[in-house]
Amino acid sequence: MTDFAAWMQACQARMERVLADCLPAATLAPQRLHEAMRYAVLDGGKRVRPLLALAAGEVTGAAAERVQHAAAAVELIHVYSLVHDDLPAMDDDALRRGKPTVHVEFDEATALLVGDALQSLAFELLASHKLAADAATQLAMVHVLAQASGSRGMAGGQAIDLASVGQPLELTELEFMHIHKTGALIRAAVLLGAHCGILTEAAATSLDRYAKCIGLAFQVVDDILDAEASTATLGKTAGKDAARNKPTYVSLLGAARARELAQELRADAHAALDTLSGSTTRLRQLADFIIERSY
Ligand code: GRG
């Protein structure tokens, strides 16, 4: 196993423990809701956003014991978005992380409540743990996550996505949608992790550039995988974009150019890290992982 693979595995195990601890026990009333929340969050997913937060914390000298709660908050928002996205009113999917989706395993009303409760729990985590050097920084972190997940971020991106099914989108419009739908939360993961340490304005600017590049790269690769990988490998239904006539990087650019674009974005992400003085190794490796991943 490579040093990066070992680091990733250790971080994923850490996050599984933190998430299991912060979620209400399934024996606690209302049991069915708590069981469904644990079903949605635990034992699945790559945990890319928590990994980014932990890696960004390494750049600013943050203790992992602090970053882990900010990382968990971002993951909870991400899982809430997946649970709602899978609902019949949105993407209508039956498979997620290799398991039946929450509304299939439980029911639609429970899936709605799971998303709602996970979103609240994310902000509870930011409010109930000491994460930053001072209260003003911690408040700024709440602001970062709220903006990234709301109508000017992920939820807004999802609204544009729903409205664009079957519509011919320009590349710039596609990019605008993804910067919000996927990119905003990836950016928040990096910034939240960094805020747990000592973050200068110059470092924030560089990390922001890095996050924007990998946020877009993540989506470009997601589109390539949706077109080329199997449902078994992805753990979610493959080929959905084409089936729903959704504009993607592959449909607009073709697979070869989309692959080139992902490589260009990786180079830009790496270049953004060059000016930073802290340890950027993990962020570089994560950019590589995001571009080279097969699931
Ligand atoms: C419902 C408000 C609301 C928003 C939904 C993120 C999102 C917005 C929908 C998910 C749909 C989707 C497939 C988006 C493409 C990129 C993406 C976020 C993929 C899933 O993220 P991964 O690959 O998933 O990090 P895991 O399971 O590994 O955590």
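Mentor: A polar contact is a pair of N or O atoms within 3.5 Å, and this cut-off will help us read the ligand site of what is a predicted model.

Trainee: How far does a polar side-chain atom of K46 lie from an oxygen atom of the ligand?

Mentor: K46 is among the closest of the 20 residues that surround the ligand, a group that also includes H78 and D85. Between a polar side-chain atom of K46 and an oxygen atom of the ligand, the distance is 2.6 Å.

Trainee: What share of the ligand's own accessible area does the protein cover?

Mentor: Besides K46, the side chain of R49 has an N or O atom 2.8 Å from a ligand oxygen, and for R97 the corresponding distance is 2.7 Å. Of the 700 Å² of accessible area that the ligand has on its own, the protein covers 92%.

Trainee: Which helix gives the largest share of the largest nonpolar core?

Mentor: That core has 98 residues, and those with the most contacts inside it are L52, L145 and Y210. L52 touches Y210 and I214, among others further away in sequence. The largest share, 13 residues, comes from residues 201-228, which form helix α10.

Trainee: How many disulfides does a search of the whole structure find?

Mentor: A disulfide needs two cysteine sulfur atoms within 2.5 Å. For C22, the nearest cysteine sulfur is that of C196, 15 Å away, while for C196 the nearest is that of C11, at 14 Å, so neither C22 nor C196 meets the 2.5 Å cut-off. Across the whole structure, the number of disulfides found is 0.

Key
Residues numbered from 1 in each chain as written. Predicted model: local features only at pLDDT ≥ 70, side-chain atom pairs only at ≥ 80, totals over all residues. Heavy atoms only, no water. Core = buried A, V, L, I, M, F, W, Y, C linked by side-chain atoms within 4.5 Å. Buried < 20%, exposed > 50% of the residue type's maximum accessible area, 1.4 Å probe, protein only. Helix = DSSP H or I, 4+ residues; strand = E, 2+ residues; numbered from the N terminus. Contact = heavy atoms within 4.5 Å. Near = heavy atom within 4 Å. Polar contact = N/O pair within 3.5 Å; in protein donor to acceptor, adjacent residues only side chain to side chain. Areas by Shrake-Rupley, 256 points an atom, 1.4 Å probe, with all protein chains shown as cover. Lists of a residue's contacts leave out its neighbours within four places in sequence.
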